[in-house]
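Me: I should like to go through the following model by question and answer. Please reason briefly in each reply and finish on the item requested.

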Amino acid sequence: MFIRCWGARGSIPVSGRQYLHYGGNTTCLEIRTKTDEILIVDAGSGIRELGNFLLKENRHDFTILLTHAHWDHILGFPFFKPIYSSKTKINIWGCLLAQTSLKEMLSRTMAPPNFPVNFDALRANISYQNTCIESYQLGSMMITPIALSHPNQGSGYKFKENGKCFVFLTDNELGFRHEGGYNYETYLDFCRGADLLIHDAEYNEEEYKKTRGWGHSVYKDALKLAMEAGVKKIGLFHHNQERFDAEIDAMVDDCREIIARRGTNLECFAVAQGTELTL
Ligand SMILES: [Zn+2]
Ligand SMILES: [Zn+2]
């Protein structure tokens, strides 16, 4: 599978020279299967550029998978140009848990008086699958959801193809069990042996004293999860809006020191807008 990140920021898009490396767009991942299906995970502000890219490529058939309804994960939807073309076919999947329907959740991003264009202006053929099933099959890829520990709930996902495994857990608080979510051990089991884990790493320990219960993890907790689960590669994700590039680099350095002291082979990096990975 091929994975490209179009937004790794959490909570709100940011811009400025201090953010050039890791980027300012909020959550959006593009995943391409071996059988050439295009899967989009989340519709944060990163989906705008992805839409332009897909139009240039002349691709019109997509599956969108949503983690949850918080603004930073859906606010880019009205700016995803393919939705205004009748050539576009989109299949939207999501296990809603505490949310309303997928259509309701997305149409809210364009609801008056907060947006000038009505949801009815969409020309794409969109189908919604509001189901909490055990797994989805997309071409050659098997996708398994897991409930997140997050306010208002949400889903994380495991993507498996050709013996390779990628786990995506953003907006998951390992240090606090939210309603509908699981405890640390369940996420540990879910991640066991993954080739790649991309996990929420929003806070440092000092910040967490004030933000416990807000739905995000301390980066050292995400690292601990990766080490204990025997993951091969951990990508830190959902960068705080106040976190400058140099500070994210320092978090990665700290993680690498911890890994070296433990003597494991785990690789650690921070996901940037533009990061491309092949498994
Ligand atoms: Zn978020
Ligand atoms: Zn959230």
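Reply: The model is a predicted one. To begin with a single pairing, Phe2 stands opposite Arg32, a residue of β2.

Me: How many bridges join β1 to β2?
Reply: The two strands run antiparallel, and Phe2 faces Arg32 in β2. The number of bridges joining β1 to β2 is 5.

Me: Which strands stand at the edges of the sheet that contains β1 and β2?
Reply: This open sheet has 7 strands with mixed pairing, in the order β6-β5-β4-β3-β2-β1-β14. Each edge strand has a single partner, so one side of each is left without a neighbour in the sheet. Neighbouring strands are turned by 20 degrees against each other on average, direction ignored. The edge strands are β6 (125–129) and β14 (276–278).

Me: Why do the buried residues of α1 line one face of the helix?
Reply: In α1 (residues 47–56), the buried residues are Ile47, Arg48, Leu50, Gly51 and Leu54. An α-helix has 3.6 residues a turn, so residues three or four places apart point the same way. What covers the buried residues of α1 includes β1 (2–7), β2 (28–32) and β3 (38–41). The buried residues line one face because, seen down the axis of α1, they fall within an arc of 160 degrees.

Me: Which residue with a positive phi follows α1?
Reply: The phi of this residue is near 65 degrees. The residue that follows α1 is Asn58.

Me: Which residue of β12 stands opposite His199?
Reply: A further open sheet of 7 strands, with mixed pairing, has the order β7-β8-β9-β10-β11-β12-β13. Within this sheet, β11 (residues 196–200) and β12 (residues 233–237) run parallel and are joined by 4 bridges. Opposite His199 stands Leu236.

Me: At what angle does α6 run to β13?
Reply: Helix α6 (residues 245–262) lies across β12 and β13. Helix α3 (residues 184–191) also packs on the sheet, touching β8 (141–147), β9 (155–161), β10 (164–169) and β11, and its direction makes about 150 degrees with that of β10. For α6 and β13, the angle is about 170 degrees.

Me: Which residues touch the most other members of the largest nonpolar core?
Reply: In soluble globular proteins, nonpolar side chains tend to be buried together. The largest nonpolar core holds 73 residues. Not counting residues up to four places away in sequence, Ala222 touches Leu174, His199, Asp200, Ala201, Ser217, Ile234 and Leu236. The core members that touch the most others are Phe166, Leu197 and Ala222.

Key. Residues are numbered from 1 along each chain as its sequence is written. Chains are lettered from A and ligands numbered from 1 in the order in which they are written. This is a predicted model: local features need pLDDT of at least 70, side-chain atom pairs count only at pLDDT 80 or more; totals for chains, interfaces and linings use all residues. A nonpolar core is a set of buried Ala, Val, Leu, Ile, Met, Phe, Trp, Tyr and Cys residues joined through C-beta atoms within 7 Å. A residue is buried if 20 or more other C-beta atoms lie within 10 Å of its own, exposed if 12 or fewer, and partly exposed in between; C-beta atoms are placed from the backbone. Two residues are in contact if their C-beta atoms, placed from the backbone, lie within 7 Å. The arc is that of the directions from the helix axis to the C-beta atoms. Two strands pair if DSSP finds at least two bridges between them. Axes are lines fitted to C-alpha atoms, for helices over the stretch in contact, and angles run from 0 to 180 degrees between N-to-C directions.
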